[in-house]
Amino acid sequence: MSRGKSFCFAESISLVCFLQIVMLLPHHHHQTCHAIVNNKTFCPTSSCGKISNIKHPFRLKNDPATCGDPSYELSCENNITTLNLFSGKYYVLEINYKNYTIRLVDAGLQEGDCSSIPRYFLTTSNFSSFYFSINDGEPYQTNYLPGYIIYLKCSKSVNDDPEYVDTAPCISSDSKSHVYAYAGGYLTVGKLKDYCKVMLVAMSSSDFHSVSVREGVPDRPLSYEEDIHAMLLYGFELSWISGACRESCGDNMGCNLNYTTGDLECYRDFNRFRYCHYPFRFQSINCSKKCIFSI
């Protein structure tokens, strides 16, 4: 089925379906006509702005009630696909149905404006882990440890650590405080200056290895505007594989994604060990209940 066209899956095209096709306007959110045949609902893809492949389990707010899963409802605002997550608003950059991931960016970030920063404090501790949360009922998980962008406010300038990237002139400082950004997997206690405090933490799935400081030796000096802000604009990935596994395997079986074939594989004797996410580090322990750790 080609994109941008409407189809009706009934035995004959109804008047309602015909009117929906005729009245479609370009550059606006549209959802293709649906019908019920043999007691099954067919829901062709919807679109909003740059996201043209919105289909099960996702749905747009105005889609027919029988289409998609309410847990994966998206909105179309000013021709931009958005997702509300933990009372925050995020723009949808990509939906990958092959590996069950959705890429999001904080709505507070603006391309071309390095003074824009994330609005929401978000870490992996907000989510359960990939593969190990089939019975949790949560719609989204982290499928790997993403990188963090950590904003720090320091009472004096940091001159002895290249991993502290000065945000000026993008973010203004004053004589009493300096704002730095730290890009990496986690910030250890030893790395946190005693005259600095964490202001904000945001996730990114960008390729940190291409620009980040490693082992205290930078490949090149990091720029907040060119490097760190760009990593934030790339966004972060979440997985919805637990919901897909529940649909395919049920609530009492384990599930793996075969990356070679792209198939979900069910298995018995589900291992109930879960990965528990800490704000700045990652640890695997046996959790009888969902692990929640606060900062």
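Two strands are said to pair if DSSP finds at least two bridges between them; strands are DSSP runs of E with at least two residues, numbered from the N terminus. The model is predicted, so local features need pLDDT of at least 70 and side-chain atom pairs count only at pLDDT 80 or more, while totals for chains, interfaces and linings use all residues. Residues are numbered from 1 along each chain as its sequence is written, and side-chain values use heavy atoms, with hydrogens and water left out.

**Exercise 1.** Determine which strands pair with strand 10, and in which sense.

*Solution.*
Step 1. Strand 9 and strand 10 run antiparallel and are joined by six bridges. Here I95 stands opposite I102.
Step 2. The hairpin of these two strands has four residues between them, and Y100 takes a positive phi near 60° there.
Step 3. Strand 17 (residues 236-239) also pairs with strand 10, in the antiparallel sense, over four bridges. R103 stands opposite E237 of strand 17.

**Exercise 2.** Decide whether strand 10 is enclosed or open, and give the reason.

*Solution.*
Step 1. Buried means under 20% relative accessible area, with a 1.4 Å probe and protein chains only.
Step 2. In a regular strand the side chains alternate between the two faces of the sheet.
Step 3. On one side of strand 10, T101, R103 and V105 are buried; on the other, I102, L104 and D106 are buried.
Step 4. Six of the six residues of strand 10 (residues 101-106) are thus buried, so the strand is largely enclosed by the rest of the structure.

**Exercise 3.** Place L104 within the nonpolar core.

*Solution.*
Step 1. A nonpolar core is a set of buried Ala, Val, Leu, Ile, Met, Phe, Trp, Tyr and Cys residues joined through side-chain atoms within 4.5 Å.
Step 2. The largest such core has 42 residues, and L104 is among those with the most contacts inside it, as are I95 and I102.
Step 3. Contact means heavy atoms within 4.5 Å. Leaving aside neighbours within four places in sequence, the contacts of L104 include L83, Y91, L93, F236 and L238.
Step 4. Apart from this core lies another, of 18 residues, among them Y151 and I171.

**Exercise 4.** Find the edge strands of the open sheet with the order 14-15-13-16.

*Solution.*
Step 1. Four strands form this sheet, and the pairing is antiparallel.
Step 2. Strand 14 (165-166) and strand 16 (196-204) each have a single partner strand, so one side of each is left without a neighbour in the sheet.
Step 3. Strand 16 pairs with strand 13 (residues 147-154) over eight bridges, and V201 is the bridge partner of I150.

Note on methods. Buried < 20%, exposed > 50% of the residue type's maximum accessible area, 1.4 Å probe, protein only.
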